[in-house]
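I opened a fresh page to keep track of what I looked up, going from the whole chain to single residues.

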Amino acid sequence: MVLASLSCADRKNPDIRPFLSTRSGGIGVRRLAQTWSGDNTTRFCDLCYCHNIGLTMSLSGMYFYGHDLGGFSGEMPWSYPDIINFVRELFAQRKQLLPYLYNCAYNAVENEIPINAPTFLYYDDEKLYDNTDSMMFGKDILVAFAFNEGVNSVSAYLPKGADWYLNDKIYSGGQEVKLQITPTDKMPYFVKSASVIPTDESGYGFKNEDENLVFTVYPIADGDFESDFFSDDGISYEYKKNNCVHLKFTAIKAPSPYNMRISAIYKWSRISNCAEPIKESLRLNKYRIAF
């Protein structure tokens, strides 16, 4: 049934990538559609179930999924007017991270790197088996959650083998760090050192349709590193014809601050000044690059 739906969508709009969601199927259905973790209620225990079910699907190769966080009864954020402004802040944070999320989706399709995954998938650290309330968002962001009602702080264990940034602070791996997670703040998260995180700084709202793409570099204590970025029009198959953006970042500590060399393998016209491949060295302003 899913394959038939995909074939119909392709015939109707052959130049547009279809988006299908299915409620059932074997693991091979991942080639055709996304799914969700099932019907739930608006309880904290169900929120925890969704987290664990999602990571299990990721480990099984089902990278594209969602959760009915509003519950089967359909409760929505606007049902709670006293917190709606805080919810808008979370939506704004999600929009800010969309370039990173889209890059994760590309890596899931092309490189079999899960969008979300347990931390132990990438780090050889036995303590991670007992710290399952966190997850990796892509390979560069670590997120910890509060799954109990009334809890505004959690202890996040940072895997060995990397340093981790939390805003302007950096922590060594192999330790627990207390994280404040309150209903009135944006979601805090850790960024792995040796990362380049793309964000959209255009602001939240329908009036801000043009992307203001900014790359923030999170250096390592010593040495060089590389990072890749992909983007396209998000709709068509033009990326298969190389009508897309594919940037490769090489960060070189020389010696301080970092120099950044950007090589654009392919370009997409939505990002300005990319008519020719970029091969140059940049001295970063607070480790940020804006296009």
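My entries below begin with the whole chain and then turn to two of its helices.

Entry one, the whole chain. I noted before anything else that this is a predicted model, and I then looked up the secondary structure, which comes to 4 helices and 17 strands. I read that the chain has 291 residues, and that 39% of them count as buried. For the surface I wrote down an exposed area of about 16,900 Å², with carbon and sulfur atoms supplying 52% of it. I also checked the contacts between residues at least 6 apart in sequence, and found that 55% of these join residues at least 24 apart.

Entry two, helix 4. I found that helix 4 covers residues 98–111, which makes 14 residues, and that from its first C-alpha to its last it reaches 19 Å, close to the 20 Å expected at 1.5 Å a residue. Which residues of helix 4 are buried? I listed P99, Y100, N103, C104, A105, Y106 and A108. Just after helix 4 I came to E112, and I noted that its phi is positive, near 55 degrees.

Entry three, a patch on the surface. I looked up a nonpolar patch formed by F44, L47 and L69, which together have about 250 Å² of accessible area. I placed L47 in helix 2, which runs over residues 44–59. Why does L47 count as partly exposed? I wrote that its relative accessibility is 32%, so L47 belongs in that class, which lies between the buried limit of 20% and the exposed limit of 50%.

Technical notes: Residues are numbered from 1 along each chain as its sequence is written. This is a predicted model: local features need pLDDT of at least 70, side-chain atom pairs count only at pLDDT 80 or more; totals for chains, interfaces and linings use all residues. Side-chain values use heavy atoms; hydrogens and water are left out. Helices (H or I, at least four residues) and strands (E, at least two) are DSSP runs, numbered from the N terminus. Buried means under 20% relative accessible area, exposed over 50%, partly exposed in between (1.4 Å probe, protein chains only). Contact means heavy atoms within 4.5 Å. Accessible areas come from the Shrake-Rupley method with a 1.4 Å probe; for residues, only the protein chains shown count as cover. The expected span of a helix is 1.5 Å times one less than its number of residues. Patches are made of residues with over 30% relative accessible area and no salt bridge: like charges are joined within 9 Å, nonpolar side chains (Val, Leu, Ile, Met, Phe, Trp, Tyr) within 5 Å. A salt bridge is a side-chain nitrogen of Lys or Arg within 4 Å of a carboxyl oxygen of Asp or Glu.
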